[in-house]
Amino acid sequence: PVPSNQTVPMTDGLRIAVISDPEETSTGVSLTYFDKEGPVETYAQLKKLTLERGAMNMLNTRIAAKRFETRSDLLGFVSVKGSGSESFLSMARFNITTDPKTINADIKEMLTETERAKRFGFNMDELKEFLTAQQTSLNRAASPF
């Protein structure tokens, strides 16, 4: 079959989609920021994308630790950074899985934590943990079977 058109039109303002399923036992909320961006072709673009993906990874680790220490009601949290698609869109996406009874507090927590990371960044322990995990991953990928 002929591939479908999968481009996302750029629009000003907020777009909201609500998808429901009566069999679902939890609620998911996604906040996605789109931006026009060409393919990654230069070292500066690669460096920027790598830093953004690293920040998302550290944010995921921070929230996971908070959930593990039961300082959060979130059932799940994932943030991702995508870039360089054929449509030249980049995106930053923040997803939570929540109980409908705590959805307002959980959305507030997601927004608070992402804003905290944006304003204040990450501490040295978070950076060291991330770098160690990256080094381990690279070593595994480079090692023979």
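Is Glu-52 buried, partly exposed or exposed? At 26% relative accessibility, Glu-52 is partly exposed. The close-ups below, drawn from a predicted model, return to this residue after an overview.

**View 1. The whole chain holds 3 helices and 3 strands.** Along the sequence, the elements run β-α-β-β-α-α. The C-alpha atoms fill a box of roughly 45 × 45 × 40 Å along the principal axes. The chain has 145 residues, and 23% of them count as buried. Its accessible surface is about 11100 Å². Carbon and sulfur atoms hold 57% of that surface. Among contacts with a separation of 6 or more, 66% join residues 24 or more positions apart.

**View 2. Three strands form an open sheet in the order E1-E3-E2.** The pairing is antiparallel. E1 and E2 are the edge strands, each pairing on one side only. From one strand to the next, the twist averages 10°. Strands of a sheet pair through backbone hydrogen bonds, either parallel or antiparallel. E1 and E3 pair over 10 bridges, in the antiparallel sense. One position to look for is Lys-36, which stands opposite Leu-89 in E3.

**View 3. Helices H1 and H2 both pack on the sheet.** H1 touches E2 and E3. The direction of H1 makes about 180° with that of E2. H2 touches E1, E2 and E3. The direction of H2 makes about 140° with that of E3.

**View 4. Tyr-33 and Phe-94 form an aromatic pair.** The structure holds 1 such pair. The ring centres are 6.3 Å apart. The ring planes meet at 80°, so the pair is edge-to-face. Tyr-33 belongs to strand E1 (residues 27-36), and Phe-94 to strand E3 (residues 89-98). The pair therefore ties together parts that are 61 residues apart in sequence. Phe-94 has a relative accessible area of 10%, so this residue counts as buried.

**View 5. Lys-81 and Glu-52 meet in a salt bridge.** The structure holds 8 salt bridges. Side chains of opposite charge can pair when their charged atoms come close. Here the N to O distance is 3.4 Å. Lys-81 sits in strand E2 (residues 76-82), and Glu-52 in helix H1, so the bridge ties together parts 29 residues apart in sequence. How do the two partners differ in exposure? Lys-81 is buried, with a relative accessible area of 14%. Glu-52, at 26%, is partly exposed.

**View 6. Arg-62 forms a salt bridge with Glu-126.** The closest N and O atoms are 2.7 Å apart. Arg-62 lies in helix H1 and Glu-126 in helix H3 (residues 124-142), so the pair ties together parts 64 residues apart in sequence. Both partners are buried. For Arg-62, the relative accessibility is 17%. The cut-off for buried is under 20%, so Arg-62 falls on the buried side.

**View 7. Arg-62 has a set of neighbours beyond its own stretch of sequence.** Its helix, H1, spans residues 43-68. Which residues does Arg-62 touch, not counting those up to four places away in sequence? The contacts are Glu-113, Arg-116, Ala-117, Gly-121, Phe-122, Asn-123 and Glu-126. One of these, Glu-126, is also the salt-bridge partner of Arg-62.

**View 8. Lys-66 and Glu-109 join helix H1 to helix H2.** They form a salt bridge, with the closest N and O atoms 3.1 Å apart. Lys-66 lies in H1 and Glu-109 in H2 (residues 103-120), so the pair ties together parts 43 residues apart in sequence. Both residues are buried.

**View 9. A network of salt bridges links four residues: Lys-66, Glu-109, Glu-113 and Arg-116.** The bridge between Lys-66 and Glu-109 is shown in the previous view. Two members of the network, Glu-113 and Arg-116, are also among the residues that Arg-62 touches.

Methods. Residues numbered from 1 in each chain as written. Predicted model: local features only at pLDDT ≥ 70, side-chain atom pairs only at ≥ 80, totals over all residues. Heavy atoms only, no water. Helix = DSSP H or I, 4+ residues; strand = E, 2+ residues; numbered from the N terminus. Buried < 20%, exposed > 50% of the residue type's maximum accessible area, 1.4 Å probe, protein only. Contact = heavy atoms within 4.5 Å. Phe/Tyr/Trp six-rings, centres within 6.5 Å; stacked < 30°, edge-to-face > 60°. Salt bridge = Lys/Arg side-chain N within 4 Å of Asp/Glu carboxyl O. Pairing = 2+ DSSP bridges. Axes fitted to C-alpha atoms, helices over the stretch in contact; angles between N-to-C directions. Areas by Shrake-Rupley, 256 points an atom, 1.4 Å probe, with all protein chains shown as cover.
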